[in-house]
Amino acid sequence: MNHHFFRALVKTAAFACIALATTLVSCTKPTPETPKDEFNISGVSIPANISTRQGEVLTFLGKGFKDGDIIIFTGIETIEMSASVPDATHFCITVPANLTSGPYKVSAKRGTVVKTLGTTNVTISIEIEIPDKPGTNVKGIVHAGGVGLEGVILSDGYEFTQTDKTGVYYLNSEKKHGYIFVILPSGYEAQLDGVIPKTFHYLNASLETTERVDFELTKAKDQTNHRVLIFGDMHLANRNQDRSQFSTFVGDVNKTVSSSTVPTYAITLGDMTWDLYWYDNAYEFANYLADVSKIEKLPIFHTIGNHDHEMGKSGAYPVGDFDTVVKYKRALGPTYYSFNIGQVHYIVLDDIYCTNNGTGSRTYREELALEQQDWVKKDLSYITDKNTPIVVTGHAPLWNPWDTANLTNTTTTVNLFNGFTNVDFYTGHSHIIANTDKGWIYDHNAGAVCATWWWTGALVKKHIAQDGSPGGYMIVDYTGRNHKWQFKGTGFDTSYQFRTYDRNQIELSAAKWCPNANDTNKATWENLATKWKDKSTANEVYINIFNWDPEWTIEVTENGKTLTATKEVCKDPLHLVTYSAQRYNKNATATFETTSSYHIFKVTASAANTTLEIKVKDQFGNVYTESMARPKAFTIDNY
């Protein structure tokens, strides 16, 4: 038996069923059996993880194999190996030079018949001695398929280093964050732990102890053209039927991923969980990872949100910011880091700075901390071409929809990117969609997966955010350095980009929508719905364009005549009745009240029963239309 394989068996629990610890098996070919035409195999055991090296012989349990059967490993590439059969209960393969680390489906082929054997995650190990270096306490190698990679950048969140010609690196780390991460070079991917790209490893030894940390990367498919899905606030908390609603989102994303013809990735925008319900509903990061891992074949990079910080409960309250992210780091990794895909440099930031005082204050500032500012400067110093597209994610937006600064240090944060010509921020937190274009820098406040914290889906089976946009996510497509983006409502086609309302049909009186509310809540409701509470005969039509920005155009015609569209800052009537009215009618608190929408437009028709032809075009030339027959009834079911 190959002794390298025996070492691999010890490492791999899934091989426990193989009785090789007591019976050594030689890969010397036995006397062939009488040939059979059928492909009858059984008792196959493929381990969940294989740690091996190129040229190593691997032996697996499996009956019915023949010399020359083809074993197929299907991952990013499809690799075929010829099997040899040492005895009636095993088959062997030799690891080829082109097998790299990563997940694989394993199949066997004889003639035209192919049978699936299982799945495994391969790790190609590399054996190289790396001596200690004075003045450093972390060392290692970054490699792909056993070949060291030169010039790869690594960081511990403070200091940076690069690999030499052999892929070896050294770093002197304060080990404050307790990890080191590799900044993925373009054209490479990290192994996945569920949906998490393992670009980081934890440091566990003392400051004085030198630790070796190796990174195994895999060669990716051509990333020049690639797609990134942007997931705003998920707020999974095991309440409001959120997990069953989330399964609909998972199905939607799986369809988007499976239909993509380019490498596809995802980035969250924070608030994947909800810290209060870590305790009250026993729903923590492990539960979130179990649910989100139902998304198939999608590496997900994570951004931290305010509700992913541990604010504490029952007297165990962290003080300040650093201790609030301990659980997050152990579950999801670094709170700020960067990576490259294709020709794009991605930076993930934590712009929530907790100010807890130890008494349960649960306070924070929307601010980029000084240590991150310093880290960003160092990270950007490695990018010499200032035309390189930069994508930055953070939880809190840079600007509010009315174009005022949102972070306490928005100007300082923006100035970090001075000199770069193509910078896009994607942010969450607000649960609305708002776009702020400053020319060289663009802030996409990108909406929320959970919309109104899953409330409207639980109340009336409609998934709507506070500004009237549907719950959903952004699809960002890069072609080289050029990109376009599009919002996708969960359960809707990407052609669904706006919603229309016939004002003549809207009457949001308390008597109609909150008949069971007490006087106080009826008054609150009618104040909230003031614009819509009375009947109207003004023949106005309102158009809520979810992902609008100033480069979009709106054309509305009535009987061939063009109507003028004007912007109206107002509350979306459908959200009012799917959330606010539902809560007030039960005399319950409406915690997540309808907010003003900054992407609603109004036209005035000549009559109440004409059909309007509506054409909305985005900045990329995509055209979205509706032939709006009027009167258009305003009911929840009609939408």
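1. Start with Y179 at one end of the β15 pairing: Y202 in β19 is its bridge partner. Keep in mind throughout that this is a predicted model. Strands β15 and β19 are antiparallel and are held together by three bridges.

2. What does β15 pair with besides β19? Strand β12 also runs antiparallel to β15, again over three bridges. If you want a residue pair to look up there, L154 has V182 in β15 as its bridge partner.

3. Moving on to β13: strand β12, which covers residues 153–155, is linked to β13 by three bridges, and the two run antiparallel. S155 sits opposite F160 of β13.

4. Put those pairings together and you get an open sheet of four strands, ordered β13-β12-β15-β19, with antiparallel pairing. The edges are β13 (160–162) and β19 (200–202), each of which pairs on one side only. From one strand to the next, the twist averages 20°.

5. Helix α6, residues 370–381, packs on this sheet, and the strands it touches are β12, β13 and β15 (179–183). The helix direction makes about 20° with that of β13.

6. Is β15 buried or exposed? Five of its five residues are buried, so the strand is largely enclosed by the rest of the structure. As background, side chains in a regular strand alternate between the two faces of the sheet. In β15, Y179, F181 and I183 point one way, while I180 and V182 point the other way, and all are buried. Y179 and V182 are therefore on opposite-pointing sets, yet both count as buried, under the 20% relative accessible area cut-off.

7. Elsewhere in the chain, have a look at the β41–β42 hairpin, which has five residues between its strands. In the turn, G621 has a positive phi of about 90°. The two strands, β41 (residues 612–617) and β42 (residues 623–628), run antiparallel and are joined by six bridges. One pair to check is V616, whose bridge partner in β42 is Y624.

8. Last one: D291, an acidic residue worth a click, belongs to helix α4, residues 285–292. How buried is D291? Its relative accessible area is 6%, so D291 falls in the buried class, which needs a value under 20%. Leaving aside residues up to four places away in sequence, D291 touches R243, F246, V250 and Y283.

Definitions and conventions
Residues are numbered from 1 along each chain as its sequence is written. This is a predicted model: local features need pLDDT of at least 70, side-chain atom pairs count only at pLDDT 80 or more; totals for chains, interfaces and linings use all residues. Side-chain values use heavy atoms; hydrogens and water are left out. Two strands pair if DSSP finds at least two bridges between them. Axes are lines fitted to C-alpha atoms, for helices over the stretch in contact, and angles run from 0 to 180 degrees between N-to-C directions. Contact means heavy atoms within 4.5 Å. Buried means under 20% relative accessible area, exposed over 50%, partly exposed in between (1.4 Å probe, protein chains only).
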